[in-house]
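These are my notebook entries on one structure. I set down what I looked up, in the order in which I looked.

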2 protein chains.
Amino acid sequence: MSAKGEGNEENVIYIGNKPPMSYVLAIVTQFNSGSSEVIVKARGRAISRAVDAAEITRNRFVTDAKIKEIRIGTEAITNEEGRTSNVSSIEISLTK
Amino acid sequence: MSAKGEGNEENVIYIGNKPPMSYVLAIVTQFNSGSSEVIVKARGRAISRAVDAAEITRNRFVTDAKIKEIRIGTEAITNEEGRTSNVSSIEISLTK
């Protein structure tokens, strides 16, 4: 089992509410540390920011990175009151 | 050239600032009018809504629809003052 392979937690970048460049930096750092694949994950409104981060990385910083796969899905989220709602998700796999 | 084929303007749904269900309705209507493929396009913050619309369509209304392809990109937008900025884009192709 490779530490640099697909699906380990190390090469997954979760997109939150920070500015896109914070996540670009995280992605670039992950590639520079030797990963050949970085997976960018986001839910809900952060999905747009995930696409921004992947595109900025590819266009400006890691120009040999390719989009290997993009998956979208729906996740059930339970809030503090125990109510469940659905939220969309995205996973963008970048490889170089 | 088929009127129902890929790339004609008729089967493209552009996602804007309306509620996601407006676009779900447009996608479902397009499938019901005989299209075998519907392309959902969005830019910037509407990207999250495009994923919502595709997922709601697939999960609740057109359950035999599959995601054929998802593409992301960057488009240059020129504003009223003539300044250019980059905006991320997404295209989700749904087929059944």
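Entry 1. I began with B:Ser89, which I found in strand E4 of chain B, a strand that covers residues 84–95. The model is a predicted one.

I then asked whether B:Ser89 is buried or exposed. Its relative accessible area is 11%. I recorded B:Ser89 as buried because this value is under 20%.

Next I listed the contacts of B:Ser89, leaving aside neighbours within four places in sequence. Within chain B, the residues in contact with B:Ser89 are B:Ala42, B:Arg43, B:Ile47, B:Arg71, B:Ile72, B:Gly73, B:Thr74 and B:Glu75. From chain A, A:Val51 is in contact with B:Ser89.

Entry 2. I turned to B:Gly44, which lies in the loop between strand E2 (37–43) and helix H2 of chain B. I noted a relative accessible area of 16% for B:Gly44, so this residue is also buried, the cut-off being under 20%.

Which residues does B:Gly44 touch, if those up to four places away in sequence are not counted? I found A:Ser48 in chain A, and B:Val87 and B:Ser88 in chain B. I also looked up the separation of B:Gly44 from B:Phe61, 17 residues further apart along the chain, and their C-alpha atoms are separated by 26 Å.

Entry 3. I examined helix H2 of chain A, written H2(A), which has 16 residues. From its first C-alpha to its last, H2(A) reaches 21 Å, and this is close to the 22 Å expected at 1.5 Å a residue. I noted the buried residues of H2(A), among them A:Ile47, A:Ser48, A:Val51 and A:Glu55.

Entry 4. I compared the placement of H2(A) and H2(B), each formed by residues 46–61 of its chain. Their axes come within 6 Å and cross at roughly 115°. I recorded the crossing of H2(A) with H2(B) as right-handed.

Which residues make this contact? On H2(A) they are A:Ile47, A:Ser48 and A:Val51, and on H2(B) they are B:Ile47, B:Ser48 and B:Val51. I sorted the residues of the contact into 4 nonpolar, 2 polar and no charged.

Entry 5. I finished with the two chains as a whole, where 20 residues of chain B are in contact with 20 residues of chain A. The area buried between the chains is about 1,300 Å², and carbon and sulfur atoms give 63% of this area. In chain B, I found that B:Ser48, B:Ile70 and B:Ile72 lose the most area to chain A, together 41% of what that side buries.

Terms used
Residues numbered from 1 in each chain as written. Chains lettered and ligands numbered in written order. Predicted model: local features only at pLDDT ≥ 70, side-chain atom pairs only at ≥ 80, totals over all residues. Heavy atoms only, no water. Axes fitted to C-alpha atoms, helices over the stretch in contact; angles between N-to-C directions. Helix = DSSP H or I, 4+ residues; strand = E, 2+ residues; numbered from the N terminus. Left-handed = near helix turned anticlockwise from the far one by under 90°. Contact = heavy atoms within 4.5 Å. Nonpolar A, V, L, I, M, F, W, Y, C, P; charged D, E, K, R; others polar. Buried < 20%, exposed > 50% of the residue type's maximum accessible area, 1.4 Å probe, protein only. Expected span 1.5 Å × (residues − 1). Buried area = accessible area lost by both parts, 1.4 Å probe.
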